[in-house]
Amino acid sequence: MRATDRRLWALAWPLMLTNLTVPLLGLVDTAVLGHLNSPEYLGAVAVGANLFSILYWTFGFMRMGTTGLAAQAWGQRNPFAQVALLLRSLVLAVAIGLLLILFHKPLITLGLKLMNPSPEVADLAAEYAGIRIWSAPAVLCQYTLVGWLIGTQFPRGPMVMLIIANGINIILDVLFVTVLGWNSRGVALATVTAEYGATAIGLAIVLTRMPEGQRLTRELFGQLADYLKILRVNRYIMVRTITLLLVLAFFTAQGARQGDTILAANAVLITFLLLISNALDGFANAAEALIGEAVGKGSRRRFRTVFASALRWSLWGALILTIGFVLGGRWLISLLTGIQEVQIAAWHYLPWLWLLPFASVWGFLLDGVFIGATRTREMQNTMLFSAFVVFLPVWWFTTGWGNHGLWFALISLMLARAASMGWLSWRYTRNGTWFQHE
């Protein structure tokens, strides 16, 4: 077990640092805008960023699916499959990104209509979104590059790639917003610039990781059927991701209906949820690579050992995060916004944040296990169950609780994912069917 722990940590710590740069960027966005004289700017970025989470992470299979398939090709020691997967996934990423740019106006209009923010926030969010959309090809290429590097067990690649790019983003945030006074527009411009920077860095890193002896040939790019196969394999991840992001968009929209102050307070607290998920995803991402390798090798013993190690360390991580939010939550909120009414509202709902690490850690980890084992249909089905059978009914029956009911519904979603995925994991482990696909 100690050897497995060492391998898990060797993969996990660079991925943790990588993942933490994402909410760190969100923290900087929130802090920069949260100290302006109006909550509308913070609300606009909350709405706009949530819209792009839905839009981009609809295609999150470009990261998750690539990781599982690359890890299995790595376990099989198949250099052709590794390189072919990378090239074909990059072609798909660019094509989908260009289509998003082409059809961005109706997509953004529909998204803002569904979220229904106040007119002041809606105008600012539309301006933000009209700028952010130009990063679409770069973002989807990043997903592919990060997924491939994790799957081929080179976690320092994504770490270097995203830390440098997000550092650029933070510097530009401060320059564009604080110095030039561009407000939410400046945040969008900073993000687009950094996304293309991250893609350039990622491509440079990947070129150094090409398997020896594998030449660039026409066969690597494949035929149309090969691209359709990638899409078919990942369709379940796509449905699962859309469902999760629609829940988060619904959460934002319901907060917006309670006023700009509640919208801004929820934006601050959701930033901490992103911190939790990205910190704990370090172990989940490491599990993706090691579980995928075990499946590629056909080693059931290795699979069980990795699963147990990742679970143990994930629970320790959840405990540390819980203690941190209990002891320092009010201070952290004060760092992110100086608007008194937003601070007071966020403090009022802070106890829900204390529950999130242990409520969500199970789902984060099991996502990694299921991705590595390419059990993507089960990921889809458990998410659909958690969203439509648990989250929506709980929200409906607790609407009288106001924003407390909204947070209770979100916690219920996390627990439903834990229960449903945990039950499937127990069943597959007991029956020895992790390696058997329908």
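Buried means under 20% relative accessible area, exposed means over 50%, and partly exposed lies in between, with a 1.4 Å probe and protein chains only. Thr67 is buried by that rule, because its relative accessible area is 0%.

This is a predicted model, in which local features need pLDDT of at least 70, side-chain atom pairs count only at pLDDT 80 or more, and totals for chains, interfaces and linings use all residues. Residues are numbered from 1 along each chain as its sequence is written, and side-chain values use heavy atoms, with hydrogens and water left out.

**Overall fold**

The protein chain has 16 helices and 0 strands. Helices (H or I, at least four residues) and strands (E, at least two) are DSSP runs, numbered from the N terminus. The C-alpha atoms fill a box of roughly 60 × 45 × 35 Å along the principal axes. The radius of gyration of the protein chain is 21 Å, which agrees with the value near 22 Å for a compact globule of 438 residues. That radius is taken over C-alpha atoms, and the globule rule is 2.2 Å times the number of residues to the power 0.38.

Of the 438 residues, 59% count as buried. Contact means heavy atoms within 4.5 Å. Of the contacts with a separation of 6 or more, 85% come from residues 24 or more positions apart. The protein chain exposes about 18,200 Å², and carbon and sulfur atoms supply 67% of that area. Accessible areas come from the Shrake-Rupley method with a 1.4 Å probe; for residues, only the protein chains shown count as cover.

**Two buried threonines**

Thr67 lies in helix 3 (residues 61-75). Beyond its neighbours within four places in sequence, Thr67 is in contact with Gly147, Ile150, Gly151 and Glu288. Thr241 sits in helix 11. Thr241 counts as buried, at 2% relative accessibility. With neighbours within four places again set aside, Thr241 is in contact with Trp57, Thr58 and Met64.

**Aromatic pairs**

The whole structure holds 10 aromatic pairs. The ring centres of Phe250 and Phe391 are 5.9 Å apart and the planes are at 80°, so this pair is edge-to-face. Phe250 lies in helix 11 (residues 224-256) and Phe391 in helix 15, so the pair ties together parts that are 141 residues apart in sequence. Rings of Phe, Tyr and Trp (its six-membered ring) pair if their centres lie within 6.5 Å; planes under 30 degrees apart count as stacked, over 60 as edge-to-face and the rest as tilted. Phe250 is partly exposed at 22% relative accessible area, whereas Phe391 is buried at 1%. Ring pairs link Phe250, Phe391, Trp395 and Trp396 into a cluster.

Pro393 is also in helix 15 (residues 376-397). Pro393 counts as partly exposed, at 28% relative accessibility. Pro393 and Ala409 are 16 residues apart in sequence and 8.3 Å apart in space, C-alpha to C-alpha.

**Positive phi in loops**

Most residues other than glycine have a negative phi. Gln153 and Thr374 have positive values.

| Residue | Phi | Loop between | Relative accessible area |
|---|---|---|---|
| Gln153 | about 60° | helix 7 (136-151) and helix 8 (156-179) | 17%, buried |
| Thr374 | near 50° | helix 14 (340-372) and helix 15 | 22%, partly exposed |
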